[in-house]
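Here are a few notes from going through the model. Have it open beside you as you read.

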Amino acid sequence: MDHTSEHVITATEKSYFRRNIIHPHLMLNYLTKSWVFVALLGQWIFALYIFISFGIPALSGSPSSADTSRMIQGYVNGDELGNGILMMHLLPAILLSLGGIFQLLPYLRKHYPAFHRWNGRMFLTLGLLGALTGLYLTWVRGSRLSDIGSIGLTINGLLIMVAVTLAWKFAIKKQYQQHMRWAIHAFILINGVWTFRLYLMAWFMLNQGANGNTATIDGPADITLSFASYLLPMLIAEVYFWAKRQKSVYRVAIANLFMLLGLLITTLGVVAATLFMWWPRIIA
Ligand code: HEM
């Protein structure tokens, strides 16, 4: 795929469309920036929730089963290996949710390239660790509510490994267009569990409760959302990359509809997950 012929908006185009309607290429930028802003808020609230729920008990040196009582298995007295891997799964999630979003800010990439490199290494390494420990917890330790309901998440974990490898490989080779493409997919996949919470809570909000959901997360809605939580954002990211290469304003306008849809879903999800899941536990 050729990523080199991105359309650059000229100054004349900009001023012309500013006076009339917003140029679709400019709108694409606004929609992207808005999404990153909403995602940043949602990621940091999630990070705060994980820090308060699991980080503080771990730092205080004595996490117990009471700290993880809402989890599937959580902390099990005497299971040192399982508890250790659980902590290796939960604690890096704080850094992932706090630091990952920095990679998307062009200002930091441009002015602080060393930060981008080190933060990127941290993000990809911890993302890989999250996938490996998550797969262990699900399939070896048995922390799953149902087999069929765990398939979407399992494929998510496997795809993290593919995307992390490709993002890293293209960064080393200095093929930055390809690097960016796979780094964005790695970001989406590593945040698949965050997005799943957004989509599930937005679904509950829209339906005023469960609809196609079960307590073991294997209802038709649960399974659809478990796949959609990374496939939909990955599709929208591909539409974005495609739109950046288009000269036709109509094509970009169509892509903007996808971007708008993504922005609305993410915003609804951040509001719903914050209200229903994270905030009550942050202030508890
Ligand atoms: C790499 C990105 C990931 C992050 C940032 C992440 C983060 C988290 C967080 C914060 C929790 C606590 C849940 C809560 O209280 O809301 C959790 C639990 C869990 N995660 Fe992940 N996760 C990731 C990937 C995965 C993957 C790929 C799998 C499986 C294939 C997985 C399996 C699990 C399991 C089984 C639990 C529950 C453990 C229990 O209840 O005992 N995670 N994860």
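The points below cover one helix, the ligand shell, one residue in that area and two backbone oddities.

1. First, a reminder that this is a predicted model. Everything below should be read with that in mind.

2. Helix α3 looks fine on length. It runs over residues 80–99, and at 1.5 Å a residue its 20 residues should span 28 Å; the end C-alpha atoms sit 29 Å apart, which agrees.

3. Which residues of α3 are buried? The set is N83, L86, H89, L90, P92, A93, I94, L96 and S97. Residues three or four places apart on an α-helix point the same way, because there are 3.6 residues a turn. As for partners, the buried positions of α3 pack against α2 (24–59), α5 (113–139), α7 (176–190) and α8 (192–207).

4. On to the ligand. Its shell is made up of 25 residues, and the closest of them are M71, I72, G130, G134 and G157. Two or more residues apiece come from α3, α5 and α6 (151–172). The top contributor is α5, which gives seven residues.

5. What is the make-up of that shell by class? There are 14 nonpolar and 11 polar residues around the ligand, and no charged ones.

6. T133 is worth a click. This residue is in helix α5, and T133 counts as buried because it has 20 C-beta neighbours inside 10 Å, where 20 or more is the cut-off. Setting aside neighbours within four places in sequence, T133 is in contact with I85, M88 and H89. Of these, H89 is also on the list of buried residues in α3. V162 is another matter: T133 and V162 are 29 residues apart along the chain, and their C-alpha atoms are separated by 16 Å.

7. Now the backbone. Most residues other than glycine have a negative phi. Q208 goes against that habit, with a positive phi near 55°. It is placed in the loop between α8 and α9 (220–244). Only 7 other C-beta atoms lie within 10 Å of Q208, so this residue is exposed.

8. I217 is a second case: it is not a glycine, yet its phi is positive, at about 55°. I217 also belongs to the loop between α8 and α9. Is I217 buried or exposed? I217 is buried, because 22 other C-beta atoms lie within 10 Å. I'd look at both loop residues side by side: Q208 is exposed, whereas I217 is buried.

Methods
Residues numbered from 1 in each chain as written. Predicted model: local features only at pLDDT ≥ 70, side-chain atom pairs only at ≥ 80, totals over all residues. Helix = DSSP H or I, 4+ residues; strand = E, 2+ residues; numbered from the N terminus. Expected span 1.5 Å × (residues − 1). Buried ≥ 20, exposed ≤ 12 C-beta atoms within 10 Å, placed from the backbone. Contact = placed C-beta atoms within 7 Å. Near = placed C-beta within 6 Å. Nonpolar A, V, L, I, M, F, W, Y, C, P; charged D, E, K, R; others polar.
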